[in-house]
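Colleague: Please give me a close look at one part, the one where the inward and outward sides of a helix can be followed side by side. I'd be glad if you then tied it to what lies around it.

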Amino acid sequence: MKMIPILLGFFVIAGLGFLTNALTRKPVYRSIHLPEVALLLGAAQLLLHAPLPYTDVLLGALRQWQDPTILTLAASLIIFHGGTEIRPSTFLKLRKVILNLATLGVLVSAASFTLLFMLLTHVTFETAWLIGALFCATDPAVLITILDRFPIRDEIQETLIAESALNDPMSAMLVSISIAFAALQTGTRQTAFTLPAIIHPLLVTLYSELLSILIGVAVGLLSRRIRKRFFGSSTTKLLSTFFLAWGLCELTGASPFLAAFLAGVLLHREGEEETPDHVSRGMNIALTLTRSTVFVGLGLALVFPHRLTLYIEGVSAAFILVAFARPLSVLSVYLLTKKHTPLSGRDYAFLAVNRQTGVVPALLVLLLKPLHLASISLIEFSIVAAILITSALEAPFFPVLARRFGVTTRDAPK
């Protein structure tokens, strides 16, 4: 009997996905530049709060698809797709910018956010740092849906996607340290703070990320060497490569996000940007279903608090992230790399005003649930506010900012 709600949930997710995908392709809708992410989040919230017929049945069916493993799998496929659109030559040319954004930029963002959030809200250092660490993981799942609708110059587009995928490990390490410290301070009595207690989870996370690099590179190179006709179609080749990388990560405990991204990058061949690998109908269908699964599941998980102070603090956190932490992180990278990169100051400025939050930070929040932290409500709503502000409110300004900073392409819609 459990198969019936699973199938019902699948059909609801598929229906919402194809409906929003078709709607966002209409010329009238495209003119307002609202991403399908916002529609899917809104549809999920409508099911949660509107008195619709059979709502309980639909919600029960959809919650069958809210398992963290399913959401991680779906988000990984979106990241893999983003990796296939990155040219290895561009990645190598901009490696200093990308790697510094994913390391130095993450640290500057977390530190600046922590300081400003503590000054504005008087929360504890541990809470501010943990929210800052979660915010560091920008979200390629949201970003790619925007770029699919509004393409920008290759170098900037690929820098944003690569940064979004590569800053996850750094964010995960910061979060693991924060979780380890929080775990020592919870329970009936506090455990003594020792260096091994903090280093151990950090080493576990580092092992997971290094192993994911090996898996992603090995799977990508292997798939690259096998001719496409062996798989029968480009979609089969892409999905086979992805699921091989995913399966190996599941077996070994490696990070699926980084492995999926690297495998996708290595599948890209120079001069094949318009091949069926990127426009095949089968892959588009798979991505539509994947995006719908991720954002409907995320929309159902959004928690709105009942206390006004949490609204003020959560919105303040999102504002600090967008208006201060992100620009400061990009500025630090610009000062370090401006003499060794083909990007201009206007390009860096565009990077500084673009920041999306989505499913990756939300999935990291799930790690905090078993700890029953006193600040968990604030942490959750800060992520909710950042998701709503950066995906539903900031996205309409993306085309305006792209034109203002001169990073648009001729294919970009007016």
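Modeller: Happy to! One cut-off first: a residue is buried under 20% relative accessible area, exposed over 50%, and partly exposed in between. Keep in mind too that this is a predicted model.

The part I'd pick is helix α12, and Leu 206 is a good way in, since this residue sits in that helix. With a relative accessibility of 34%, Leu 206 is partly exposed, because that value falls between the two cut-offs. Leu 206 also has company: together with Ile 199, Leu 203, Leu 210, Ile 213, Val 217 and Leu 221, this leucine makes up a nonpolar patch on the surface. The accessible area of the patch adds up to about 530 Å². In soluble globular proteins, nonpolar side chains tend to be buried together.

Now turn to Ile 215, which also belongs to helix α12, the run of residues 195–225. The relative accessible area of Ile 215 is 9%, which is under 20%, so this residue counts as buried. Setting aside sequence neighbours within four places, Ile 215 has contacts with Ala 245, Leu 248, Cys 249, Thr 252, Ala 254 and Ala 259. Ala 260 is worth finding as well: 45 residues separate it from Ile 215 along the chain, while their C-alpha atoms are 8.8 Å apart.

To place Ala 260, step back to the nonpolar cores. The largest one has 102 residues, and Phe 117, Leu 134, Ile 152, Phe 261, Phe 350 and Leu 368 have the most contacts inside it. Helix α11, residues 154–184, is its top contributor with eleven residues. This core lies between domain 1 (3–65) and domain 2 (68–405), because both of them give residues to it. Apart from that core there is another, of ten residues, and Ala 260 is among them, as are Leu 77, Leu 238 and Ala 263.

A different view of the packing comes from Thr 72 in helix α5, residues 68–84. Thr 72 has 16% relative accessibility, which is under 20%, so it is buried. Beyond four places in sequence, Thr 72 touches Trp 246, Pro 256, Phe 257 and Leu 363.

Last, the charged side chains. Side chains of opposite charge can pair when their charged atoms come close. The structure has six salt bridges. In one of them, Glu 158 meets Arg 87, at 3.2 Å from N to O. That pair joins distant parts of the chain, 71 residues apart, with Glu 158 in helix α11 and Arg 87 in the loop between α5 and α6. Both partners are buried: Glu 158 has a relative accessible area of 6%, and Arg 87 has 15%.

Arg 153 takes part in two bridges you can follow from here. With Glu 155 the N to O distance is 3.7 Å, and with Asp 347 the closest N and O atoms are 2.8 Å apart. The pair with Asp 347 spans 194 residues, from the loop between α10 and α11 to helix α18. Asp 347 is buried at 4% relative accessibility, whereas Arg 153 is partly exposed at 27%, and Glu 155 is partly exposed at 21%. Add Lys 93, and these three residues are part of one network of salt bridges.

Note on methods
Residues numbered from 1 in each chain as written. Predicted model: local features only at pLDDT ≥ 70, side-chain atom pairs only at ≥ 80, totals over all residues. Heavy atoms only, no water. Core = buried A, V, L, I, M, F, W, Y, C linked by side-chain atoms within 4.5 Å. Buried < 20%, exposed > 50% of the residue type's maximum accessible area, 1.4 Å probe, protein only. Helix = DSSP H or I, 4+ residues; strand = E, 2+ residues; numbered from the N terminus. Domains from an automatic or database assignment. Contact = heavy atoms within 4.5 Å. Patch = residues over 30% accessible without salt bridge, like charges linked within 9 Å, V, L, I, M, F, W, Y side chains within 5 Å. Areas by Shrake-Rupley, 256 points an atom, 1.4 Å probe, with all protein chains shown as cover. Salt bridge = Lys/Arg side-chain N within 4 Å of Asp/Glu carboxyl O.
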